[in-house]
Amino acid sequence: MKDVLTGKLVRLAAFDPEEMSKAFTRWNLNSEYQRLSNSDPTRMPSAKRNAKWMEDRVAELSPARYHFSIRTLAEDKLIGELGLDVVDWSGRDAFVGLGIGETEYWGKGYGTDVMNVLLRFAFTEINLRRVTLSVFEYNPRAIRSYEKAGFRHEGYLRNFLNRAGHRWNEIYMGILREEWMGLNTDTAG
Amino acid sequence: MKDLFRGELVRFTLEEPETAAKAELRWTHDTELHRLLDGDPAQLFSEKKIREWIEKQSADSSMPERYSFSVRTLAEDQYIGFLGLWVDLIHSEAWVGLGIGEREFWSKGYGTDMMKLCLQYVFTELCLERLSLGVHAYNPRAIRSYEKCGFRLEGRTRGDVLREGRRTDSLWMGILRAEWMQMQNGDRT
């Protein structure tokens, strides 16, 4: 069987709160990263504060929650983070969120590779039926990456965000197990 | 839609820990019941201890892996037994255990009715793919009841139980979603 956590450019690795909180704190000094990754006002929580909530999150062992760090295969460098939360077991749907914090890895296919690995994990390891995500309208790079991985546009919250003097939609995208199987007949096992 | 907690003879309900502890305390004094249910030596516990277990169980009652019900008759509204499910979320399957503490309700179809209600819950509400159970070979009444509900004998652990100087087998039974659906004869649930 394939190594389910390794892709072509990256692998999903353990989420170590100490290492991750330092990197995450540094990534968030970049307000653009924050604005792409969440809707809260950009701010700068301390590494200690970030370590605390990360430790709380990983302390709970649950079949519904998966946290990974993202490392490059070439340099074994920590470049991002990823979380998968199963939101509904009878529908077997999960919500995914990922971020590449190291900006020199933007726009080079790393995010798409992460998503491909994540989808294989979600559909062949957790045996989910669908995966959902949301993305902001002003993040076309991410939207294109998700489309490449097989996500379809399913809906949007109109004028959800108010940023840089504009109101923007929050877009919801999803992919079904059958759709992913159709795209990945060679890796489905 | 159907009332998922109401069968033909019984209904699923939730007893207060005090009520449940008093009933279960009484039921633990029935060693035949104990030997039908379990492989452990029959033991007696204080009402306080039993109540602590029940309270622990109710603390778990929001977990997607754990479901437990008290059972009452429809005719007399009498509290007669219990049924619990242990779900494996990743593989979409569960184990069931049930018992009727009040002996005058043995052999009258109450257990079968409980199991039918359970199967409907497992396949139409939890949307699982299979349900498993274990039963002692010396409990033919239970085995017949499970067969009536559609369970098939899948395996046997030979001689793993020593009771009254004789080694007896544990039987493993299971039912698949597709088998159960077929038994519903187009009766949409």
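Start in chain B of this predicted model by selecting β4(B) and strand β5, residues 130-136 of chain B: the two run parallel and are joined by three bridges. For a single pair to display, take A94(B), whose bridge partner in β5(B) is L131(B).

**Along the sheet of chain B**

Keep β4(B), residues 93-100, on screen and add β3(B). These two strands pair in the antiparallel sense, over eight bridges. Pick L83(B) and you will find L98(B) of β4(B) opposite. Next, go to the connection between the strands. The hairpin of β3(B) and β4(B) has four residues between the strands, and in this hairpin S92(B) takes a positive phi near 55 degrees.

Now add strand β2, residues 66-73 of chain B. Its pairing with β3(B), residues 79-88, is antiparallel and covers seven bridges. Select R72(B) to see one of these positions: the bridge partner in β3(B) is Y79(B).

With these strands shown, bring up the rest of the sheet. Which order do the seven strands take? The order in chain B is β1-β2-β3-β4-β5-β7-β6, in an open sheet with mixed pairing. At the edges are β1, residues 10-13, and β6, residues 152-163, of chain B, each of which pairs on one side only. From one strand to the next, the twist averages 25 degrees. As background for the bridges picked so far, strands of a sheet pair through backbone hydrogen bonds, either parallel or antiparallel.

**Helix α4 and the loop before it**

Leave the sheet by the loop between β4 and α4 of chain B, and stop at S107(B), which lies in that loop. S107(B) is not a glycine, yet its phi is positive, at about 65 degrees. Is S107(B) buried or exposed? S107(B) counts as exposed because 12 other C-beta atoms lie within 10 Å, and the cut-off for exposed is 12 or fewer.

Move on to helix α4, residues 110-125 of chain B. From first C-alpha to last, this 16-residue helix reaches 22 Å, close to the 22 Å expected at 1.5 Å a residue. Colour α4(B) by burial and the helix appears mostly covered, with 13 of its 16 residues buried. Following α4(B) is C127(B), where phi is positive, near 60 degrees.

**The loop between β6 and β7 of chain B**

Select E164(B), which is placed in the loop between β6 and β7 (166-176) of chain B. E164(B) has a positive phi of about 50 degrees although it is not a glycine. With 7 other C-beta atoms within 10 Å, E164(B) is exposed.

**Across to chain A**

Turn to the corresponding hairpin in the other chain. The hairpin of β6(A) and β7(A) has two residues between the strands, and A164(A) takes a positive phi near 55 degrees there. The strands themselves, β6(A) at residues 152-163 and β7(A), run antiparallel and are joined by eight bridges. Pick L157(A) to find E170(A) of β7(A) opposite.

Stay on β7(A), residues 166-176, and add strand β5, residues 130-136 of chain A. This pairing is antiparallel too, over seven bridges. Here T132(A) stands opposite G174(A) in β7(A).

Then go to β1(A) and strand β2, residues 65-72 of chain A, which pair in the antiparallel sense over four bridges. R11(A) is the residue to select, with R71(A) of β2(A) standing opposite.

Zoom out to view the sheet of chain A. Seven strands form an open sheet with mixed pairing, in the order β1-β2-β3-β4-β5-β7-β6. β1 (10-13) and β6 of chain A are the edge strands, each pairing on one side only. The twist averages 25 degrees from one strand to the next.

**Where the chains meet**

Show both chains and select the residues in contact. How many residues does each chain give to the contact? Chain B gives eight residues and chain A gives five. On the side of chain B that touches chain A, five residues are nonpolar, two are polar and one is charged.

**Confidence**

Finish by colouring on pLDDT. Chain B has a mean pLDDT of 94, and 98% of its residues reach 70 or more. The scores of the model are ipTM 0.77 and pTM 0.86. Where pLDDT is low, the predicted coordinates should not be read in detail.

Notes: Residues are numbered from 1 along each chain as its sequence is written. Chains are lettered from A and ligands numbered from 1 in the order in which they are written. This is a predicted model: local features need pLDDT of at least 70, side-chain atom pairs count only at pLDDT 80 or more; totals for chains, interfaces and linings use all residues. Two strands pair if DSSP finds at least two bridges between them. Axes are lines fitted to C-alpha atoms, for helices over the stretch in contact, and angles run from 0 to 180 degrees between N-to-C directions. pLDDT is the predictor's confidence in each residue, from 0 to 100. Two residues are in contact if their C-beta atoms, placed from the backbone, lie within 7 Å. Ala, Val, Leu, Ile, Met, Phe, Trp, Tyr, Cys and Pro count as nonpolar, Asp, Glu, Lys and Arg as charged, and the others, Gly among them, as polar. The expected span of a helix is 1.5 Å times one less than its number of residues. A residue is buried if 20 or more other C-beta atoms lie within 10 Å of its own, exposed if 12 or fewer, and partly exposed in between; C-beta atoms are placed from the backbone.
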